[in-house]
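Here are my notes on the model you sent over. Have it open while you read, since the points below go from one part of it to the next.

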Amino acid sequence: MRPEIKRAQHTIPVGASSPLRACRNVGTDPLVVAEAHGQYLHDVDGTRYIDFMYGFGPLILGHAPEAVSTAIARQAANGTLFGTYCTQEIELAERITATADHLEQLRFVCSGTEAVMSTLRLARAYTGRTRVLRFNGGYHGHFDLVQNKDETRMRDSGLDPAAMRSNVFAEYNDAASVERAFAESPGEIAAVVVEPIACNMSLVMPEEGFLADLRRICDREGAVLIFDEVITGFRLTYGPASNLLGVSPDLTAFGKIIGGGTPVGAFGGRRDIMRLLDEERVLQGGTLSGNPLTMAAGLATLDALAQPGFYEELERKGALLEAAVERHRAAKGLDFTFTRTGSIFAFIFVPQAAPVRVKADVAAQAQSPYTTMYAGLRTAGYHLAPDIEEPMYVSAETTDETLEDFAARAVALLATDPNT
Ligand code: PMP
């Protein structure tokens, strides 16, 4: 073990400020990174790793893109925090709200967690109800109201049982389970919160009609429909993925990409709901929210994403990776599932004929193929997601050679694992 890892774990619980970074689920020591450029991470020994994780999703342009780094440096020289109105904040809010009709107003926060938390509070105030319906396998941040712990473990985990009891669970891709939940809690559900494309149980696409069913049920029941687009926002198109999926929520939570790799979140939606913040009926604030440094990084990022052909090129790379994985898999006669949309992808170790619709389908996979692949690819100079159910990302900096080499090595490693 590197001395820095021991040092980190002495002073910081798990050694880092967010738990998955410790790599406990893959049984390999975490990287200790000194700097990162383009598709590469450089560890403290100067060893280079090709990244497929990109900071859990924000770094769609790769590491330290020049335009973003320059914008941050320029802003840093002119002030990092004003504590009053700033034009960078107005500009970024205007650009994001311009991407979808339902985004009539928007506020910035410092994390995806805060963004979702604020949408739920708004939904409760708007409806006068308290319960929140969400989906097994979804992730919406680390606050009490959106945890999955069962009642018996709540106190051990420091969670408020009352907050937990406001949760109503349904299954992703199963509108009938949503209907049942509403029938069991009539007039009590304030909001349905969903990742429109599920990105925290590997990568699971919404089935045809599922999101439209949620829209219809929420309208009928007077509940607020919230799309958590912390991962998918600006990842698949210039704006929320709801633009591609053809269903508009009432509120959308953003994070990650819109801050260009600096701390960020944002939430926005219908003016008649967001108005509750204007009236100061609903409290939401933050010393560092909408700070000019983050706004400058976000604006520079959106400038790059707005270039013609940006998302088409990412799609081309994603398709190249998928084709390469399929080719090698067929050559080796392996049977596993590879899911991809645009530049998001995941390996799921269930047979291709098995359904991958709900959390239980993903949870049924064997762990060892991923662990084998993770360890082998680390040795070969790759950095993957430190958990089998986290998706991975292609960035604007990922090269075609990288995608070909990665696919060949990944499948060759999988062929060595008895559980693939
Ligand atoms: N929602 C989703 C869908 C996420 O994937 C995440 C984090 N990965 C969050 C919310 C929480 O965001 P943050 O870590 O910035 O608080």
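1. A word on pairing before anything else: two strands count as a pair if DSSP finds at least two bridges between them. By that rule S12 and strand S14 (residues 392-393) pair in the antiparallel sense, over two bridges. Within this pair, phenylalanine 345 stands opposite methionine 392 of S14. Keep in mind throughout that this is a predicted model.

2. S12 has a second partner. Strands S11 and S12 run antiparallel and are joined by five bridges. One residue to look up here is threonine 337, whose bridge partner in S12 is isoleucine 348. The two strands make a hairpin with two residues between them. In that turn, glycine 342 has a positive phi of about 55 degrees.

3. How much of S12 is buried? Five of its five residues are, so the strand is largely enclosed by the rest of the structure. The cut-off behind "buried" is 20 or more other C-beta atoms within 10 Å of the residue's own. Look along the strand and you'll see Ile344, Ala346 and Ile348 pointing one way, with Phe345 and Phe347 pointing the other way. Both sets are buried.

4. Now step back to the domains. The domain assignment splits the protein chain into domain 1 (3-64 + 308-415) and domain 2 (66-306). Their C-alpha centres lie 25 Å apart. As for contacts, 24 residues of domain 1 meet 29 residues of domain 2.

5. Which elements make up the domain 1 side of that contact? Helix H12 (310-332), strand S11 (337-341), strand S12 (344-348) and helix H13 (359-363) each supply at least two residues to the side touching domain 2. S12 gives the most, with four residues. Sorted by class, this side of domain 1 has 15 nonpolar, six polar and three charged residues.

6. Helix H3 (residues 87-97) is a good one to turn around on screen. Gln88, Glu89, Leu92, Ala93 and Ile96 are its buried residues. They cover an arc of only 130 degrees around the axis, which puts them on the same side of H3. On the other side of the helix, Thr87, Ile90 and Glu94 are exposed. What do the buried residues of H3 pack against? Their neighbours are strand S4 (105-109), strand S10 (265-269) and helix H11 (292-305).

7. Strand S7 (residues 189-194) is another one to check: six of its six residues are buried, and the strand is mostly covered. Strand S5 (residues 131-135) runs parallel to S7 and is joined to it by three bridges. S7 also runs parallel to strand S8 (residues 224-228), with four bridges between them. Valine 192 is a handy landmark in S7, as the bridge partner of leucine 133. Valine 192 also has a bridge partner in S8, namely leucine 225.

8. On to the ligand. Which residues come nearest to it? Of the 16 residues around the ligand, the nearest are Ser111, Gly112, Thr113, Gly141 and Val230. Helix H4 (residues 112-127) provides the largest share of the shell, three residues. By class, the shell divides into six nonpolar, eight polar and two charged residues.

9. Two residues in the loop between H1 and S1 deserve a look, and asparagine 25 is one of them. With 18 other C-beta atoms within 10 Å, asparagine 25 counts as partly exposed. Leaving aside residues up to four places away in sequence, asparagine 25 touches Pro386, Asp387 and Ile388. Compare its position with that of threonine 371: the two are 346 residues apart in sequence and 8.2 Å apart in space, C-alpha to C-alpha.

10. Proline 19 also sits in the loop between helix H1 (3-11) and strand S1 (33-37). Why does proline 19 count as partly exposed? Because it has 14 C-beta neighbours inside 10 Å, and the partly exposed class lies between exposed, at 12 or fewer, and buried, at 20 or more. Proline 19 and isoleucine 90 are 71 residues apart in sequence, and in space their C-alpha atoms are 34 Å apart.

Technical notes. Residues numbered from 1 in each chain as written. Predicted model: local features only at pLDDT ≥ 70, side-chain atom pairs only at ≥ 80, totals over all residues. Near = placed C-beta within 6 Å. Nonpolar A, V, L, I, M, F, W, Y, C, P; charged D, E, K, R; others polar. Arc of directions from axis to C-beta. Contact = placed C-beta atoms within 7 Å. Domains from an automatic or database assignment.
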